[in-house]
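Student: I would like a close look at a single part of this protein, and then a view of how the rest is laid out around that part. Could you take me through it in one go?

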Amino acid sequence: MASKTIPRALRLSSRVAVPRRTFVSTVRARPSVATAAIRSPVTVPARGVKTIDFAGTKEDVYERADWPQEKLQQYFKNDTLALIGYGSQGHGQGLNLRDNGLNVIVGVRKDGASWKEAIQDGWVPGTNLFDVETAINKGTIIMNLLSDAAQSETWPTIKPLLTKGKTLYFSHGFSPVFKDLTKVEVPTDIDVILVAPKGSGRTVRSLFREGRGINSSIAVFQDVTGKAKEKAIAMGVAVGSGYLYETTFEKEVYSDLYGERGCLMGGIHGMFLAQYEVLRERGHSPSEAFNETVEEATQSLYPLIAANGMDWMYAACSTTARRGAIDWSPKFKDALKPVFDELYTSVKEGKETQRSLDYNSQPDYRQRYEKEMEEIRNLEIWRAGKATQTQRERKTKMTEPKSHLPLTPSSISKAHALIKPYIHHTPLLTNTTLNTIASTAQPATDLAGKAAAASPKIRFYFKCENFQRIGAFKARGAFHALLRLIEEKGEEEVRRRGVVTHSSGNHAQALALAGKTLNVPAYIVMPSISTPSKIASTQALGATVLFSGSTEPEREAVKQKVQEETGAIFIPPYDHPDIILGQGTVGLELEEQYEELKGQAEGKGLDAVFTPIGGGGLNGGVATWFSVPSKEGRKKSLVFGAEPSFEGANDCQRGLAAGKRVEAVSTKTIADGLRTPVGHHNWAIISDPSKIAGVYSVSEDQIKKAMRLVFERMKVVVEPSAVVGLAVCLFDEDFRRKVEQEGGEDGWDIGVVFSGGNTTVEAIGALFTSN
C-alpha cells in the first residue's frame, strides 16, 4: 500500500499550526509548538467530576486531579489495602499504591512464584507480604486480583474472612456477575466495588511512572455504607488511573470479554490470518504478505489512529489508499457484524465464562496453553514476522560505521587517544575510613538470618566520573562516537546532516556537548516528563530538544521525523561499539592511575573492578579493557557489575541466571540511571564469563547508606546510580565472603567507578527525608 510515513503525517499536523515551516525549524523557533505537534491533542479538564460529550452522549468522568496524593493518604489513613494475588494487575496496582504512600500489603501463597516475585519488587515478608488468609484478616479493603479461575477455586476459603466493615474490590466483574457458574456469592453486609484499568498491569505501572495515568472504569455492585462510589473513585486514582468513567459490573464484564475475543485480540488475529493466507495463495512471498498485513499496520498506521483518530490516519495515506479503504470498510462491517453479534450473545449467556472456567481450571492448563502458543508461534505468518522484526532492528542500527573498531583493549587505547583533548582526566581517590568500614564484619542484625558475617580486607580506589564533563562518564562515549563518525563520513557531511539521539538525561547532555564542541548540530529527543533541569542543561549546550511521549513508538516517531527532514545520523545511547569503546577508556585511566599510586615496582594490578550496569556500555567497555592482563605475568583483574534489585531493576543479574537477555525493565528505583535493559552489543560482552566475573544487586536502603557514606566521609557528591558497586562491597555477604576467601590476609584492591554526580540539593534532601 502506498502510505506516507509517520513523520509525514506528523508534518501535516505541524503545517496546520505553522505554515511553511519544517518540524525542526519550528522547534528552534517555538518549542511549545513542536511539543504540541508531537502529542495528540487532548482537552485538559478541570479538577473533579466533569461532564464530557462523547459523540452526542454526555457522560460524567472523574479525574485524578481531584485526588492529590495528600488527599488519598488522608482518605485511606485508617485502611489497610490487602492485595490478593500478584499477577500483572497485582504487580502494577500494588506498586502504584505503595508509591502513593498508602498502607498496602500483599497476600499470596507463601514461597510460591508470586511470593518470590513480590520479594524481588521490595515487599518484605512479615511486614507487608503475607499468606492470603493473614492478609485478608489484616486488611480493610480486600483487593481480589486473583485470576478468574482462581477466584472461583479459592472463594470457599476467602468468603468467611470477609467480615462486616470490610470492602471487597475487583478489577473484573467476571466472578460476581457469573456467580451461578463461579459460585462467588458476595456477603450482603460489605461494600463491593470495581476499578477496571483498560490495559495490562504493566501498562498501569508504566503510565503511572511516566506521570500519566491509565483510563479505567468504576462500578458499584453493593453499597452498604453509602460511600462505595466515592471509595471506588479514590481507589481508581490510587492504583494509577488518569480518569475514570462509570459503568456496571455486568457491562464491564460483557464489554471486556467481548472486546478481548473481538477487535482487541481474537478478531484482529483472525483478520491478519485471513488476509495473509489469501496473499500467499495468490502467489505473494511471505515477506510481502507479512509487511502488507501486519508490519505496516502495527508500525505505521495503528499508531496514527491512536494519536489522532481514523481520519488522521486516512489523511496520512495516498488518495488511492483512502478511496479503497472508504469503499471496502462498509463491506467488512456488514460481513463481520453478525459474527460480533453472535459473540456478544455468547458472552451475555455465560457460554464464554463456562468455557473459560472449564479450560483454565484443568490441572494441565499451562501445558495445553503452551501447546496452543507453540502452534501460533509456528504459523508461517509469525515466523515471517520474526525475520521482519530482525530487519527492523537492523534498520535502526544502519548508522553503525561499517569499519568500527573491534572491541579490544587496543581499540580502547585508540579511542582514548582520540577523545583525550575533549574529556577530563578524572581523579582516582582513596579513603581510609571506607576501607575500614568495608573490612569490618557487618552487625548480626544486618545479616537477615545468614551465617556469620565475613571479614574481608578491602582497599578502595574510586574513579570519580562524577567530575567528568557534564557530570558523568557518558561524555566519553558521545565524543568517541561523534569523532569516529566524522572520521568515516567527513566533517562536511556530518556537520551538514547533524546527529540525533533519544535520552532523558546524561547521554542527552553528553551528545549536546560533543555536538557543540565539534560544531555538529545535535537533535535530542527527550520525553516530555524529563527532569526540567536536564532539559535546560541540554538546551544550554546548544542542542535542539524535541519532546516525545515516553514509549518507544512515540520516541521513534519523533526521531524518524528528524532524520527525514534533516538527514541526521542516529547515535544510540549505549548499544553501539563506538559508545562501548569510549566508555572503556574509564578502565584504561583507572589502571594507569592505580599503577602510579601504588608504584610500578610492585607489579600487582587491581584485584577487582566494579561498575554500575544500566544499558551496559560502561561495564562492557571496562570489561573489554581488563579482558587481558596489561602486563605479562600479572593476574587479570576481575570485573564485576552492580545493579539495584528494586522492582526487577537487576535485569542483567536475572538475565545471566536465565541464560538470556531481559528485553524490558519497568522500575522506579532511586538509581534512575540504571532503569534501562542491557543493550545487545553490551550483553554479548557481559554474558561472557571470561570477561565478567559476576553481577550483584543491592537494595534501595543499601544504596542510600552507601551514598550517605560517600557524602559524609569522602565529601563527594554522587548520584544514587554511582554507588551501587560500593554498596555491594559493603553489604553483599556473598561477595564479601568471596573477597575473604580468595584475598586472604592480603585482601583485595578494588576499583569502584563512580559513574556520575548529576543530582540536585532538592533530590538529595527528598531522598534522605523520605520514608
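**A close look at helix 29**

Tutor: Let us begin with the residues of helix 29: Gly 617, Leu 618, Asn 619, Gly 620, Gly 621, Val 622, Ala 623, Thr 624 and Trp 625 are buried there. Please keep in mind that this is a predicted model. Helix 29 spans residues 617-625, and because nine of its nine residues are buried, the rest of the structure largely encloses it. What covers these buried residues of helix 29? The cover includes three helices, namely helix 21 (409-419), helix 28 (577-598) and helix 31 (680-686). Strands take part as well, with strand 17 (608-612), strand 18 (638-644) and strand 20 (748-754) included in the cover.

Now let us step back to the whole protein. It has 35 helices and 20 strands. Of its 771 residues, 50% count as buried. Among contacts between residues at least 6 apart in sequence, 73% join residues at least 24 apart. The accessible surface comes to about 35200 Å², and carbon and sulfur atoms account for 52% of that.

Next comes the nonpolar interior. The largest nonpolar core has 39 residues, and those with the most contacts inside it are Phe 460, Phe 735, Ile 750 and Phe 754. Phe 460 is a good place to pause. Setting aside its neighbours within four places in sequence, Phe 460 touches Leu 429, Thr 430, Leu 434, Asn 435 and Ala 438, among others. Further along the sequence, its contacts include Leu 726, Cys 729, Ile 750 and Val 752. Ile 750 thus appears twice, as a contact of Phe 460 and as one of the core residues with the most contacts. Strand 20, which you met as part of the cover of helix 29, runs over residues 748-754.

The sheets are worth a look too. Ten strands form an open sheet in the order 1-2-10-9-8-7-6-3-4-5, with mixed pairing. Strand 1 (50-54) and strand 5 (129-130) stand at its edges; each has a single partner strand, so one side of each is left without a neighbour in the sheet. Within this sheet, strand 8 (residues 191-197) and strand 9 (residues 214-222) run antiparallel and are joined by six bridges. If you want a pair to find on screen, Val 192 stands opposite Gln 222 in strand 9.

A second open sheet has four strands in the order 15-14-13-16, and here the pairing is parallel. Its edge strands are strand 15 (544-548) and strand 16 (569-570), each of which pairs on one side only. Four bridges join strand 13 (residues 499-502) to strand 14 (residues 522-527), and these two run parallel. Thr 501 stands opposite Ile 524 in strand 14.

Let us turn to charged side chains. Side chains of opposite charge can pair when their charged atoms come close. The structure holds 32 salt bridges. In helix 27 (residues 552-566), Glu 556 and Lys 559 lie three residues apart, about one turn of the helix. Their side chains meet in a salt bridge at 3.6 Å, N to O, and both residues are buried.

Helix 32 (residues 700-714) offers another pair: Arg 708 and Glu 712 are four residues apart there, so about one helical turn separates them. They form a salt bridge whose closest N and O atoms are 3.2 Å apart. Arg 708 is partly exposed at 39% relative accessibility, and Glu 712 is partly exposed at 40%.

Lys 71 and Asp 66 also meet through their side chains in a salt bridge, at 3.8 Å from N to O. Lys 71 is partly exposed, with a relative accessible area of 35%, and Asp 66 is partly exposed with 26%. Salt bridges can also be linked: Arg 98, Asp 99, Arg 205 and Glu 647 form a network of them.

Finally, the cysteines. A disulfide is a covalent bond between the sulfur atoms of two cysteines. Counting pairs of cysteine sulfur atoms within 2.5 Å, the total is zero disulfides. As for where cysteines sit, Cys 263 is exposed at 58% relative accessibility, whereas Cys 652 is buried, with a relative accessible area of 0%.

How values were computed. Residues numbered from 1 in each chain as written. Predicted model: local features only at pLDDT ≥ 70, side-chain atom pairs only at ≥ 80, totals over all residues. Heavy atoms only, no water. Buried < 20%, exposed > 50% of the residue type's maximum accessible area, 1.4 Å probe, protein only. Core = buried A, V, L, I, M, F, W, Y, C linked by side-chain atoms within 4.5 Å. Contact = heavy atoms within 4.5 Å. Areas by Shrake-Rupley, 256 points an atom, 1.4 Å probe, with all protein chains shown as cover. Salt bridge = Lys/Arg side-chain N within 4 Å of Asp/Glu carboxyl O. Pairing = 2+ DSSP bridges.
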